Each structure stands twice: as structure tokens, then as C-alpha cells.
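Trainee: Could we go through this structure together, one question at a time? I would like to practise reasoning from the elements to the answer.

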Amino acid sequence: MITRMSSLFLRTLREDPADAEVPSHRLLVRAGYVRRVAPGGYSWLPLGLRVLRRIETVVREEMDAIGGQEIQFPALLPREPYEVTGRWTEYGDALFRLKDRKGADYLLGPTHEELFALTVKGEYSSYKDYPVILYQVQTKYRDEARPRAGILRGREFVMKDSYSFDLDDAGLQRSYALHRDAYINIFDRLGLEYVVVAATSGAMGGSASEEFLAVAETGEDTYVRSTESGYAANVEAVVTPAPPARSLEGLPEAQVHHTPNTPTIAGLVDYLNTKTELGRTFTAADTLKNVMVKTRQPGEKDWHIVGIGVPGDREVDQKRLEAALAPADVALLEEADFAANPFLVKGYIGPKALRDNGIRYLVDPRVVTGTAWVTGADKADHHVVDLVAGRDFQPDGTVEAAEVREGDASPDGKGTLVAARGIEIGHIFQLGRKYADAFALDALGADSKPIRITMGSYGVGVSRLVAVIAEQHHDDLGLVWPRAVSPFDVHVVIAGKDETVAAGAEKLAADLDAAGIEVLLDDRKSTPGVKFADAELIGVPTILVVGRGLAKGVVEIKDRTSGDREEVAVDEVVARLA
Ligand code: ATP
Ligand code: MG
Ligand code: MG
Ligand code: MG
């Protein structure tokens, strides 16, 4: 179908919008792709929607190619699953929470790990069912502190999120690698310049994680890469070599009496039996949750107070706990004498407050994410909540991330670091068993024993990509779309009032259309100057100008990217552009 500018729901603007901070925002508004409705809320007009749909198509094709199956969840979700994983609170102010008429709590989904885990649990039961990759292209909601740059950071935005479910770690590695490759295909097809960098795991939990950052000066993320090796990382995730513990001497020091956040019951039992001296042997039948125990490592003189959390087992059975731990040197925090115990909690503070106060701390290397008890510079004990591996401390067990600077040695010892800015367009995570533990997502094995499923989660910022592509593909005159996402293939401009010119352009447009080429035809009564300016602004990669030359049997093809113009015989046009 030919799209006619005379009736297209489009009004381009001559002026830049007052609130535009970056070129993509300025141009997408001026060229009539999107319109602002609220902070971080934009409507898609016909041109914008066409680009969005083309990006979605590329994403779907690559997801389908790795065996992903598309499903779709509501955005309006009940509180309970997010309560189970703790994210109802952990998400903080970024979560849109609301109540229904009966007073029940709901949220608008910021990401859907919980729902996917529950859905797979509902449908699948046998090891034969696995592995599986599910995805959706869906609207997400996050009450961003700073909605920014139009659709670049929206409070409502479109994300492709997928989730892999595997029986073992090797399977998870495969699913992760499949996604990594799919993402490379997607971003290559979209004509983007990007880097893949080591990332923090953020609120998702889990460990191994990489981000895809589109190279852009206007980006909010800073990454470093080595001048000599392939090393690249978001500065938030740079692993600086662990200083020896004694380097903390003399500093406002803080030592964590750690919290091994053991991911499985078996892991916890193993921990208690091998690393603590509790005077008894534990089994998986013991119900343990948020226990504080006194432990010391073999050969160590001092005892430590250790907090232990068992994910997914939310009710603390105090009586059973006491019975289980009674024979040992055990203190249950909730019931212990705070004044008498030097290790106990003074107050709850977050890692940011620690950093802001210049408090350094050590974290046990086994901590994945969770809580820790530290002694601060003020010699008081603090209960630190919401620690995240990689962000607040390094996987090797030490210390907040030191700030890295351009010129620092690369952590892999090869070359020095250079810094640049980027925009996050994709993020892949090996979640592991965090969500499977929370919902007891098991498959029945061949030996009839349950196998705990391991998960990955993978996101692409589909609506953000419209802006990111525009950010990388524009010039002073307007947008310059890569062919794969342009709203149209050819923009035909009727340049002249002459009836025969109009008829010739109509004929050409019809021929192109018949050849499967998507045509935007500027059949308005405007002057050629206005039409050319709009064509440059809208950014279709090929502009076909039908004007006076038609009498001599030629039209002009302008390549929007290179600016090259060329006269082409009318009867060669379709063959040239097909
Ligand atoms: P950012 O660091 O930019 O806030 P994020 O790390 O919070 O992103 P993820 O949770 O990893 O985002 O979500 C997957 C993808 O969704 C991101 O890589 C990004 O492309 C996109 N995305 C996240 N937040 C937004 C937003 N507010 N508006 C548009 N796209 C977003
Ligand atoms: Mg974010
Ligand atoms: Mg991020
Ligand atoms: Mg991310």
C-alpha cells in the first residue's frame, strides 16, 4: 500500500521541542514520530509506530531462531509473587504500586522473572520438558527517578524480555550463549555501533551478566575497555584486584561478619556442617531461617557472628530453630541481648550510606546478594541491607569497587583502560536458582528425584532502540534511518505542479509498490522546498524526486545517508530500488 503524505497523520515541526536534551529526542518529536503525554510517557504516531514494529520484527525473528517461544503476560500484576522474592519492597520507588477496588495490592510489571518462573512451574513437571526459552515483547513500567530524553528513558516502555529454564549449569551456559549470539545478530541488523561489557547484576540478583551498550556521547553509562585486550566493563562492574586484608588497617575500617547467602538448602546444610562448630550435624529437614550463629573457621581464634538466610522459606519457626541449634554456641538475633553483644545491629543502612560515609567493608566471598553486618568508622555495628555482588563488593570477596579511571591498568593486566559513554540496549543475566528457589521450581528427574531449575533472564529495550538508532543515525537536517528499520523504503517527492509530473510519480509509486517496496508519496500541494526539508527530516534512506526531468525520461535518486544524487531513467527505477 502506498502511504500518501496528503492524508498521513503527520505534522512536522519547524522548532525543536523546548525540553529536548539529545538529538534523537529533538528529531523524533520534530519529524512527528512521537508525542509527549506525560513525563516518560510518549505516544507513537504512524511513523514512529512503523519503526517500532520493524525493530520488534527483527527481535522476534532472532528470538524465534534460537527456539524462543513468544507468550504475553499482563502488565497489571498481583503483589504476591513479588512478595515471595522480596522485590515488592526491594524495587523501592521505581515500582508502580496500586490497589484495586477491593483494596488488593497490584503492581505494573517492571520485569517478569516471577511470572515466568511460576508459569513454567504450572505447566512443566518432568526433566523431559526442559530446556525451554520463553519471551514476550511487552510494555514495562518503572517510575524512573529521571525520565529522560523522550523514549530513551521512559516510565512506560517496550521491552523484549526472555527467560531460559535449564536442568543444569551447562544448560544455562548454552542458553546464555544462544541469547548473546541472538543479541549480536539483532544489534548488527539494526545497524548499531555497540560494545558488550561486563555488568553488574543489579536488582535481578544472580551473577554472570553482560550489557550491550550502544556507543553514544549522550549515554548515561560509562564503560572502560582495554587498549590491548578484549576486556570491557561497565565502570560499575570493574573488578579491581582485591587488596590484601591488612591494607584496611588504619582506614576507617569495617569488617563484615558475613552472611553466606547459601542458594540451596543443601548448600546451607553443607555450610553449617563444614564451616561452623555448632556441636551437631544438620540435615535438610532442619528448618532454618535468618539464624545468627557463632562460628569460627578452623584454626581461627576469634568467633564470628554469622547470619544465615534460607531463601524461599519465609516463616521463621523460632521453636524449631532453637531446638535445632540448642546444643551449640548459637545466638538468635531476634531474641539475643543486644546491649551485651558487640556484634549486634545498631541500625539498618544501605550500601550507599556506607559509601557516602567513607566506610570500607569486607564481604564474605560466598555472599551472592543480601545482607551483611559491618563495623563502621564510628565503631558501631550496622546491618547493611540489599548488598549486591559486583556493585557493592567484588566476587572475590572484598571491598566496594574502587573508582576506575582512564589510564588505569586493565584488570586483566593487558594494556590500559580507556573510557567512553554508552546507552544500555540489552542486558543478559545468568540468574541461577534464585527464582527457582523462591518458587520451588523443580523438574522430576529420570531417577524420580527433583532437579532444581536454573534460569537466565535477557532484556532488549525495544522502544529505547528507536531513540538509540536515531541517536547514531542522524545529521543536521534530520534522521537517517538504516534500511532495516526505516518507516518506508522509498520517499517519493512530487516536485512540481505539472499534471504529468504528478501522474508520472503516481505511476512510479504504484510500480514500486507492486515490487514489494514500501512507498511514502509526498503528494501534498506544498512547495518543493518544504517537501525536501520534510524528506530530509523524516529520514527515509532513499528519496526519489520526480520533477522537471520527467519530460526527458529521468528522475533523481538521492541517497539520504551519503547525500549522493543520481539521475536515473524512469524505466530503470524499479530495478534499481528493488
Ligand atoms: P538502565 O541502566 O538504562 O536503567 P536497566 O539496567 O534498569 O536499564 P534492565 O532491567 O536491564 O534495564 O532492562 C533491560 C533493558 O530494558 C535495558 O537494557 C534497556 O535497554 C531497557 N530499559 C530499561 N529501562 C528503560 C526505560 N526506563 N526506558 C526504556 N528502556 C528501558
Ligand atoms: Mg534502570
Ligand atoms: Mg543498567
Ligand atoms: Mg540492565
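Mentor: Happily; what follows is a set of questions and answers on a predicted model.

Trainee: Let us begin with the ligand. Which element gives the most residues to the shell around ligand 1?

Mentor: Start with the 16 residues around ligand 1, of which Phe157, His427, Gly459, Gly461 and Arg464 come nearest. Two or more residues each are supplied by β9 (156–166), β20 (417–432), β23 (454–461) and α11 (462–472). With 4 residues, the element that gives the most is β20.

Trainee: And how many residues of the shell around ligand 1 are charged?

Mentor: Sort the shell by class. There are 3 nonpolar and 8 polar residues in it, and the number of charged ones is 5.

Trainee: α11 borders that ligand, and I see α2 packing on it too. How are α2 and α11 oriented to each other?

Mentor: Helix α2 (residues 46–65) packs on α11 with the axes 9 Å apart and at an angle of about 115°. Angles of 65 to 115 degrees fall in one class, and therefore α2 and α11 are roughly perpendicular.

Trainee: What class of residue makes up 7 of the contact of α2 with α11?

Mentor: The crossing of α2 over α11 is right-handed. On the α2 side the contact uses Gly48, Val51, Leu52, Ile55, Glu56 and Val59, and on the α11 side Val462, Ser463, Leu465 and Val466. By class, 2 are polar, 1 is charged and 7 are nonpolar.

Trainee: α2 has another partner, α6. Is α2 roughly parallel or roughly antiparallel to α6?

Mentor: Helix α6 (residues 169–189) and α2 have axes 9 Å apart and an angle of about 155° between them. Angles over 145 degrees belong to one class, which makes α2 and α6 roughly antiparallel.

Trainee: Which residues of α6 make the contact with α2?

Mentor: This is a right-handed crossing of α2 past α6. From α2 come Val58, Val59, Glu62, Met63 and Ala65, and from α6 come Ala182, Asn185, Ile186 and Arg189.

Trainee: Now the strands. Which residue takes a positive phi in the hairpin of β2 and β3?

Mentor: Strand β2 (residues 34–38) pairs with strand β3 (residues 41–44) over 4 bridges in the antiparallel sense. Within that pairing, Arg35 has Ser43 as its bridge partner. The hairpin has 2 residues between the strands, and the one with a positive phi near 75° is Gly40.

Trainee: Which residue in β7 stands opposite Lys99?

Mentor: Place the strands first: an open sheet of 3 strands runs in the order β5-β7-β6 with antiparallel pairing. Its edge strands are β5 (76–78) and β6 (96–99). β6 is joined by 4 bridges to strand β7 (residues 105–108). Opposite Lys99 in β7 stands Asp105.

Trainee: Last, the sheet of 6 strands. Which strands stand at the edges?

Mentor: This open sheet has mixed pairing and the order β1-β27-β26-β28-β29-β30. A strand with a single partner has one side left without a neighbour in the sheet, so the edges are β1 (3–4) and β30 (565–569).

Trainee: At what angle to β26 does α13 run?

Mentor: Two helices lie across this sheet. Helix α12 (residues 499–514) lies across β26 (490–494), β27 and β28 (542–546), at about 165° to β26. Helix α13 (residues 528–538) also lies across β26, β27 and β28, and its angle to β26 is about 170°.

Conventions
Residues numbered from 1 in each chain as written. Chains lettered and ligands numbered in written order. Predicted model: local features only at pLDDT ≥ 70, side-chain atom pairs only at ≥ 80, totals over all residues. Pairing = 2+ DSSP bridges. Near = placed C-beta within 6 Å. Nonpolar A, V, L, I, M, F, W, Y, C, P; charged D, E, K, R; others polar. Axes fitted to C-alpha atoms, helices over the stretch in contact; angles between N-to-C directions. Parallel < 35°, antiparallel > 145°, perpendicular 65-115°, else oblique. Left-handed = near helix turned anticlockwise from the far one by under 90°. Contact = placed C-beta atoms within 7 Å.
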